Amino acid sequence: MTWEELQARLRAGQDERTLFLPQDLSPEELARHAAGLANHKGGTLFLGVSPEGRVLGASEIHPLQITHALFQLTQGLLLPYVEGVEGPEGRVLVLHVPQSPSAIAVGAGRVPFWDGKRLTELKLGQTLPEPDFTAQVLPAASLSDLDPVEVLRLRRILEERGSNLAALPDLELLFALGLLERVEGEERPTVAGLLLAGTPLALRRLLPQAEVSYYFHEAEEGYAFREDLLRPIPALLERLRDLIQARNRVRYLTVGLFRLEVWDFDQEVYREALLNALVHRDWQSQDAIQVHHYPDRLEVSNPGGFPPGITPENVLRHPPKRRNPRLAEALYRLGYVERAGSGVDKMYRLLLKYGKEPPEYRLFPEALTLVLYNPELDEAFVRELAEAQERFGGFSLDHLIAVGHLRRVGEATLEELARALQLPEEAARRVLARMERMGLLRREGGRYHLARKDPLAERLLALLDRPRPRRELEAPLGLSPRAALALLNRLIREGRVERVGRGAATRYRRRG
């Protein structure tokens, strides 16, 4: 490491993988901090530096003294690479600490962890975090396995975001993103580095499970098109977007002064689904991610189930858990994912906003499938929902979930709506009470219904003064056959219209 590179690292400050310490520490304290890095994500410890990043100096310590002391105090489990860096302000010792595959104790039963702000200890009986496979350096991986074109792509992404990381030299940029580690004095890529910037040859040789297979199905049986992709994640996402968009229909709705684009599959929604599969999959499994594109649904399947504690019934509310922190952190810095884990919320909101169903999770023993449905577009409902949101200044996600559920089923109990909201019944009751006060819902006999103010539905009901076929309703309402049928089906679910007869003799009449 050069003095200029060291200065850049010090200016960036401490984080989960960077630690500054003064020289005047006991060997035991130094060992605890180094083990704390190793027990969490690994990283770099700068000895002879103040917490603010000012060089204090570490002039009289030899690197071999450090490695010997840490080896002895950790029972041979910690052996970092140590280098001295000298400059105008003094000398700093730089310890490159790899992530440990098992917990390293310093002293009797004391297992330290560095979380980016403070050093804590694992409590007796507390489970150890799963080792992060994406933070590891594969034995056969070398710096030549990274593609300079893909590294440039990462830099361009950071430049577009206005990130200060874009100004770093290539190696420092890759270190800052967690894509490189220094092993025995040699820079080598982590698994995350290969996934984000590896050459096709390196991915085929070292990580063949990084392949993603895309299938387009025109019908339930067989497939009309298939493409297998083995590319770094940024290039992979671009190609998948192109494949899906080539078969993705869009319709336009005018609501007041605004024009809405309603896609079969919203780009932001399926991008989140793909990112979830990449970030949360089990990268040690040799199976590939599969994307199955049907006209009425998009299925994204990845190896590995939910992290412990998360289920399809609580995925919306459970605090986020990351199976692959190193990869997730790099994607966060590149702007692909949110650190707070809001991807599921975003999918729910965008799907429900356009009258679609929430995402469905299918859990298997060693895999997870996320299904995005593309039902027939209910133009009247989407317009009504957009007008209502404009009237109330937007809906919360809870409001959208409740309205969407009642639109699909017609009526529901508190218990049923609490399950849809993934909330305790008392919390769900408060959400629904507020929606009643807003005039969005009504409650009758212990069941909730939408309190719709729908001029189009009222016009249709007025036309049903006698049983009529659908064709007689389309022109007066200005609706296409598909939109008229969707409106009639919705009113049937709500119990306001009934269907009589079959086939060509089908008629619709107003109930009550």
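## Burial and overall make-up

Of the 512 residues in the chain, 53% count as buried. The model is a predicted one. Its secondary structure comes to 18 helices and 21 strands, and the C-alpha trace spans about 100 × 50 × 45 Å along its principal axes.

Contacts within the chain often link distant parts of the sequence: among those between residues at least 6 apart, 63% join residues at least 24 apart.

## The four-stranded sheet

Strands 1, 2, 4 and 3 form an open sheet in that order, with mixed pairing. Strand 1 and strand 3 (81-87) are the edge strands, each pairing on one side only. From one strand to the next, the twist averages 20°.

Within this sheet, strand 2 and strand 4 run antiparallel and are joined by five bridges. Leu-47 has Leu-93 in strand 4 as its bridge partner. Helix 2 packs on the sheet, where it touches strand 1, strand 2 and strand 4. The direction of helix 2 makes about 160° with that of strand 2.

## Helix 2

Helix 2 covers residues 27-40, which is 14 residues. From the first C-alpha to the last it reaches 20 Å, close to the 20 Å expected at 1.5 Å a residue. Ten of its 14 residues are buried, so helix 2 is largely enclosed by the rest of the structure. Here, buried means under 20% relative accessible area.

The buried positions are Leu-30, Ala-31, Arg-32, His-33, Ala-34, Ala-35, Gly-36, Leu-37, Ala-38 and Asn-39. Their cover includes strand 1 (18-21), strand 2 (43-47) and strand 4 (90-97). It also includes helix 3 (63-73), strand 5 (112-114) and strand 6 (119-121). After helix 2 comes Gly-42, with a positive phi near 75°.

## Helix 12

Helix 12 (residues 379-392) has 14 residues and a reach of 20 Å between its first and last C-alpha atoms, close to the 20 Å expected at 1.5 Å a residue. At its N-terminal end, Asp-378 acts as a cap: a side-chain oxygen of Asp-378 lies 3.1 Å from the backbone nitrogen of Phe-381. Gly-393 follows the helix and has a positive phi, near 75°.

Phe-381 is also among the buried residues of helix 12, together with Ala-380, Val-382, Glu-384, Leu-385, Ala-388 and Gln-389. These buried residues pack against two strands, strand 11 (250-255) and strand 12 (258-263). They also pack against helix 11 (343-353), helix 13 (397-409), helix 16 (455-463) and helix 18 (481-493).

## The three-stranded sheet

Another open sheet has three strands in the order 17-19-18, with antiparallel pairing. Strand 17 (411-413) and strand 18 (441-444) lie at the edges, and each pairs on one side only. Neighbouring strands are turned by 35° against each other on average, direction ignored.

Strand 18 pairs with strand 19 (residues 447-450) in the antiparallel sense over four bridges. Leu-450 in strand 19 is the bridge partner of Leu-441. Helix 15 (residues 425-437) lies across strand 18 and strand 19, and runs at about 110° to strand 18.

## Annotated segment

An unreviewed UniProt entry carries the annotation "domain: AbiEi antitoxin N-terminal" for residues 470-503. In the model, this span is 59% helix and 12% strand. The end C-alpha atoms of residues 470-503 lie 12 Å apart.

Conventions:
Residues are numbered from 1 along each chain as its sequence is written. This is a predicted model: local features need pLDDT of at least 70, side-chain atom pairs count only at pLDDT 80 or more; totals for chains, interfaces and linings use all residues. Side-chain values use heavy atoms; hydrogens and water are left out. The expected span of a helix is 1.5 Å times one less than its number of residues. Buried means under 20% relative accessible area, exposed over 50%, partly exposed in between (1.4 Å probe, protein chains only). Contact means heavy atoms within 4.5 Å. A polar contact is a pair of N or O atoms within 3.5 Å; within protein, one must be able to donate a hydrogen and the other to accept it, and residues adjacent in sequence count only if both atoms are side-chain atoms. UniProt positions are given in the numbering used here, feature names are shortened, and annotations may be inferred rather than shown by experiment. Two strands pair if DSSP finds at least two bridges between them. Axes are lines fitted to C-alpha atoms, for helices over the stretch in contact, and angles run from 0 to 180 degrees between N-to-C directions.
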